[in-house]
Amino acid sequence: MVEVSGAETVEEMKEIQTQQPNLLENEWAFWFDNQSKPKVGAAWGSSLRKAFTFHSIQDFWCLYDRVFKPSKLPEKSDFHLFRAGVEPKWEDPACANGGKWTVISSNKDGLETMWLETLMALIGEQFEEAEEICGVVVSVRQRQDKIALWTRNAANEAVQMSIGRKWKEILDITDKISYSFHDDSKRERSTKSRYVV
Ligand code: MGP
């Protein structure tokens with residue numbers, strides 16, 4: 001058990017622990033996008049919502065446990081965890097010159113585990129190039145579920161390759177993963193892979 005100075009009883013300790021949240025290095029926000037019942041003619045992003053911003057490990061666990069698990073998502077929906085102040089859109093200045101690494105998942109348990117591992121790596125700032133990372137999106141789809149790690153400077157191949165390698169290590173996967181540029185996605189629906197690791 002973590003020792004809390006100044007506490008003499010368990011009750012006092014619990015009280016102090018609830019008063020002293022373990023602050024994360026950065027503030028993060030959970031978002032969701034439920035596109036399962038799209039409105040006719042609605043623009044992309046019209047169902048995208050910011051849900052909660054948090055700054056402590058306690059709030060993270062509470063939000064994750066109660067809501068932000070892919071198993072709770074209906075088909076055609078996404079959860080996002082992005083740095084506070086960055087919107088999960090190509091149009092956001094932090095994402096505008098960026099791209100994403102994508103991992104495909106063929107089974108729901110694997111998706112759940114990879115999502116949690118990625119969330120913990122982000123809020124725990126496990127990537128050397130942490131500032132390069134905008135956030136992560138989990139997408140539940142009929143064809144195949146996926147997780148995409150969004151980064152800032154797509155053209156910086158060395159940085160993206162390093163992030164891709166580290167992500168695979170965190171997820172403990174050996175299959176190849178690929179990186180696409182948002183700029184390419186804006187131009188055409190099926191985007192080519194720019195980097196593979
Ligand atoms: P996508 O991210 O390439 O794939 O977006 P998704 O949502 O996994 O696709 P699905 O078929 O599996 O559902 C698909 C389309 O959504 C793009 O071609 C765009 O038309 C639109 N879109 C997606 N994103 C992330 C953005 C965005 O950030 N901004 C805008 N304007 N449109 C987007």
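# Group meeting: a walk around strand β3 and the ligand pocket

Okay, let's start with Arg83, which is buried, with a relative accessible area of just 7%. Before I go on, keep in mind that we're looking at a predicted model. Arg83 belongs to strand β3, which covers residues 77-83.

So what does an arginine side chain do in there? One polar atom of the Arg83 side chain lies 2.8 Å from the backbone oxygen of Ile133. If you skip residues up to four places away in sequence, Arg83 touches Asn26, Glu27 and Trp28, and also Glu125, Ala130, Glu131, Ile133, Cys134 and Arg152. Hold on to Glu125 from that list, as I want to go there next.

Glu125 sits in the loop between α3 (108-123) and β5 (133-140). Is Glu125 buried or exposed? Its relative accessibility is 14%, and buried means under 20%, so Glu125 counts as buried. The backbone is worth a look too: Glu125 has a positive phi, about 50°, although it is not a glycine. Which side chain does the Glu125 side chain pair with in a polar contact? That would be Asn26, at 2.8 Å. Setting aside neighbours within four places in sequence, the contacts of Glu125 are Glu25, Asn26, Trp28, Arg83 and Ala130. Compare that with the Arg83 list and you'll find Asn26, Trp28 and Ala130 in both.

There's another positive phi to show you. Lys76, also not a glycine, has a phi of about 65°. Where is Lys76? It's in the loop between α2 (57-66) and β3. Lys76 comes out as partly exposed, because its relative accessibility is 43%.

Back into β3, then, for Asp78. Asp78 is buried, with a relative accessible area of 7%. Its side chain makes a polar contact with the side chain of Arg141, at 3.1 Å. Now look across to Val137: Asp78 and Val137 are 59 residues apart in sequence, yet their C-alpha atoms are 6.5 Å apart in space. Not counting residues up to four places away, Asp78 touches Trp31, Phe32, Asp33, Gln35 and Leu73, plus Val137, Val138, Ser139, Val140 and Arg141.

Arg141 is a handy bridge to the ligand, since Arg141 is also one of the residues around it. The others in that group are Trp44, Lys89, Trp90, Glu91, Lys100, Lys146, Trp150 and Arg189. And where does the ligand sit? The space it takes is the largest pocket.

Let's go through some distances. A side-chain N or O atom of Trp44 is 3.4 Å from a nitrogen atom of the ligand. From Trp90 we get a backbone approach: a polar backbone atom there is 2.7 Å from an oxygen atom of the ligand. With Glu91 we're back to side chains, where a polar atom lies 2.6 Å from a ligand nitrogen. How much of the ligand's accessible area does the protein cover? On its own the ligand has 640 Å², and the protein covers 71% of that.

While we're in this part of the chain, have a look at Pro88, in the loop between β3 and β4 (99-105). Pro88 is buried, with a relative accessible area of 2%. Beyond its neighbours within four places in sequence, Pro88 is in contact with Trp31, Trp44, Leu48, His80, Phe82 and Trp150. Two of those names, Trp44 and Trp150, are also among the residues around the ligand. For a sense of spacing, Pro88 and Ala42 are 46 residues apart in sequence, and their C-alpha atoms are 18 Å apart.

Last stop: Lys192, which is in the loop between α5 (182-187) and β8 (195-196). Is this lysine buried or partly exposed? Lys192 is partly exposed, with a relative accessible area of 46%. Apart from neighbours within four places in sequence, Lys192 is in contact with Tyr179, Ser180 and Asp184. Going back 11 residues along the chain to Phe181, the C-alpha separation from Lys192 is 8.4 Å.

To wrap up, here are the spots I'd bring back on screen: the buried Arg83, its contact Glu125 with the positive phi, and Asp78 with its polar contact to Arg141. Then there's the ligand in the largest pocket. That's me done.

Technical notes. Residues are numbered from 1 along each chain as its sequence is written. This is a predicted model: local features need pLDDT of at least 70, side-chain atom pairs count only at pLDDT 80 or more; totals for chains, interfaces and linings use all residues. Side-chain values use heavy atoms; hydrogens and water are left out. Helices (H or I, at least four residues) and strands (E, at least two) are DSSP runs, numbered from the N terminus. Buried means under 20% relative accessible area, exposed over 50%, partly exposed in between (1.4 Å probe, protein chains only). A polar contact is a pair of N or O atoms within 3.5 Å; within protein, one must be able to donate a hydrogen and the other to accept it, and residues adjacent in sequence count only if both atoms are side-chain atoms. Contact means heavy atoms within 4.5 Å. A residue is near a molecule or strand if one of its heavy atoms lies within 4 Å of it. Accessible areas come from the Shrake-Rupley method with a 1.4 Å probe; for residues, only the protein chains shown count as cover. On a 1 Å grid over the protein atoms alone, a cavity is a set of points where a 1.4 Å probe fits but cannot get out, and a pocket is an open set with protein on both sides within 12 Å along at least five of seven lines; lining residues have an atom within 4 Å of a point. A molecule sits in a cavity or pocket if more than half of its atoms lie within 2 Å of its grid points.
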